[in-house]
Amino acid sequence: MEIITDINTNINAGPISAGVGFFDGVHRGHMAIIDRTKGELPRAIISFVNQPAAFISENKLAHRLMSSEEKADILEKEGIDYLFLFTFDEKMRNTSAEEFFEKAIVGNNIKKLICGFNFRFGKGGEGDVELLRSLCEKEGITLEIVEAVKCGDEVISSSLIKKYLYKGDAKRAAELLGRNFYIKGTVSKGKQLGRTLGFPTANIFVDDEIIVPKWGVYQTFTTVKGVRYPSVTNIGNNPTVGDSLRLESHIIDFSGDIYGEEATVEFVDFIRPEMRFSGIEELKAQVHRDIDEVRKRNM
């Protein structure tokens, strides 16, 4: 998959089928757009590195469901040939809808374009699907509008998925995403308290731009060195030992040195909120109960 980061750079390819949007999380609603790009033409996605809405509101650290790198990985696995991944900066913010259309769509010979029903583009969100339809008609571009994708009676969206993760409802988030929500990171050395208590944990750094689910203990799967293991993961500040925010994953029935390795933690279900214990022994007893609970769920 070729990644293009400059809106002024044209790929000079033949006719292309492309989907356009931010695609945070690449959830089931996004997949409806991605699937419609399939056909005889090479496939592309037009997206952004950062959230336009977050930039406009000057909330630069608005939480995302995944990094740009993770988004690119998924899109490549879906068979996308070209990923236009633009940075939404002040110049982009002041780009008119017509100019964006000319540079990103017409300039790259896109002949089939797919977007969501609520897609907006251009300065101040001036462009909507009706303007896009008009522009496409003038250029002989086929436009397909994907209507809302629902799960039950709820319209799937990145903001809705975040709402459920903030509530700790990893199961509902997975239903909307079409897979478990996950966090990727490098395993680092923590205080190694878990090792002394008999349940060593993989301490994983969490990028502050990525959403952190409700603090507490979760049933998870942790993938490291290409192997997926059942695990128990605590995310929070470990009030009993007075830490700052940490993601610690105890990989069940695993031993080995994985410091410096990349790990992926999938959140399956919420087990309990964070708790303050009277001491280390009470903490140790509860962690063993958490591990037993996850063992039962994976039987």
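User: Hello! What covers the buried residues of H5?

Analyst: Happy to start there. The cover over the buried residues of H5 includes S3, S4, helix H4 (90–93), S5 and H6. Please keep in mind as we go that this is a predicted model.

User: Which residues of helix H5 are buried?

Analyst: Helix H5 spans residues 97–105, and Ala97, Phe100, Phe101, Ala104 and Ile105 are its buried residues. Their directions cover an arc of only 100° around the axis, which puts them on the same side of H5.

User: How do I read another helix, say H10? What length does helix H10 reach from its first C-alpha to its last?

Analyst: Helix H10 (residues 280–297) has 18 residues and reaches 26 Å between those two atoms, close to the 26 Å expected at 1.5 Å a residue. Next, look at how burial is spread around H10. Leu283, Gln286, Val287, Asp290, Ile291 and Val294 are its buried residues. They cover an arc of only 145° around the axis, so they lie on the same side of H10. Turn to the other side of H10 and you meet Glu281 and Lys296, which are exposed.

User: Let me step back to the overall picture. How many helices and strands does the protein have?

Analyst: There are 10 helices and 14 strands in the protein. The C-alpha trace spans about 70 × 35 × 35 Å along its principal axes. Of the 299 residues, 50% are buried. The accessible surface comes to about 14300 Å², and carbon and sulfur atoms account for 49% of that surface. Here is one more way to read the fold: among contacts with a separation of 6 or more, 72% join residues 24 or more positions apart.

User: How many aromatic pairs does the structure hold?

Analyst: The structure holds 10 aromatic pairs. To read one, note that two aromatic rings are described by the distance of the centres and the angle of the planes. Take phenylalanine 48 and phenylalanine 86: their ring centres are 6.4 Å apart and their planes stand at 65°, so this pair is edge-to-face. The pair also links distant parts of the chain, with phenylalanine 48 in strand S3 (residues 43–48) and phenylalanine 86 in strand S4 (residues 82–86), 38 residues apart.

User: Is phenylalanine 86 buried or exposed?

Analyst: Phenylalanine 86 has a relative accessible area of 1%, so it is buried. Its partner phenylalanine 48 has 12% relative accessibility and therefore counts as buried. For a contrasting geometry, try phenylalanine 119 and phenylalanine 121: this aromatic pair is stacked, with 5.5 Å centre to centre and 10° between the planes. Phenylalanine 119 and phenylalanine 121 are buried as well.

User: Which residues do ring pairs link into a cluster?

Analyst: The cluster linked by ring pairs consists of Phe48, Phe84, Phe86, Phe88, Phe100, Phe119 and Phe121. You have already met Phe100 among the buried residues of helix H5.

User: Where does the charged end of lysine 71 sit?

Analyst: The charged end of lysine 71 sits over the ring of phenylalanine 22, at 4.2 Å from the ring centre. Arginine 228 offers a second example: its charged end sits over the ring of phenylalanine 221, 3.8 Å from the centre.

User: Now for the backbone. What is the phi of phenylalanine 23?

Analyst: Phenylalanine 23 has a phi near 60°, a positive value in a residue other than glycine. You will find phenylalanine 23 in the loop between strand S2 (16–20) and helix H1 (28–36). With a relative accessible area of 2%, phenylalanine 23 is buried. Lysine 225 is not a glycine either, and it has a positive phi of about 55°. Lysine 225 lies in the loop between strand S11 (216–224) and strand S12 (227–236). At 55% relative accessibility, lysine 225 counts as exposed.

User: One last loop, please. Where does lysine 123 lie?

Analyst: Lysine 123 lies in the loop between strand S5 (110–116) and helix H6 (129–139). Its relative accessibility is 44%, so lysine 123 counts as partly exposed. Leaving aside neighbours within four places in sequence, lysine 123 is in contact with Arg93, Asn94, Thr95, Ser96 and Ala97. The C-alpha atoms of lysine 123 and histidine 30 are separated by 23 Å, and the two residues are 93 residues apart along the chain.

Technical notes. Residues numbered from 1 in each chain as written. Predicted model: local features only at pLDDT ≥ 70, side-chain atom pairs only at ≥ 80, totals over all residues. Heavy atoms only, no water. Helix = DSSP H or I, 4+ residues; strand = E, 2+ residues; numbered from the N terminus. Expected span 1.5 Å × (residues − 1). Buried < 20%, exposed > 50% of the residue type's maximum accessible area, 1.4 Å probe, protein only. Arc of directions from axis to C-beta. Phe/Tyr/Trp six-rings, centres within 6.5 Å; stacked < 30°, edge-to-face > 60°. Lys NZ or Arg CZ within 6 Å of the ring centre and 35° of its normal. Contact = heavy atoms within 4.5 Å. Areas by Shrake-Rupley, 256 points an atom, 1.4 Å probe, with all protein chains shown as cover.
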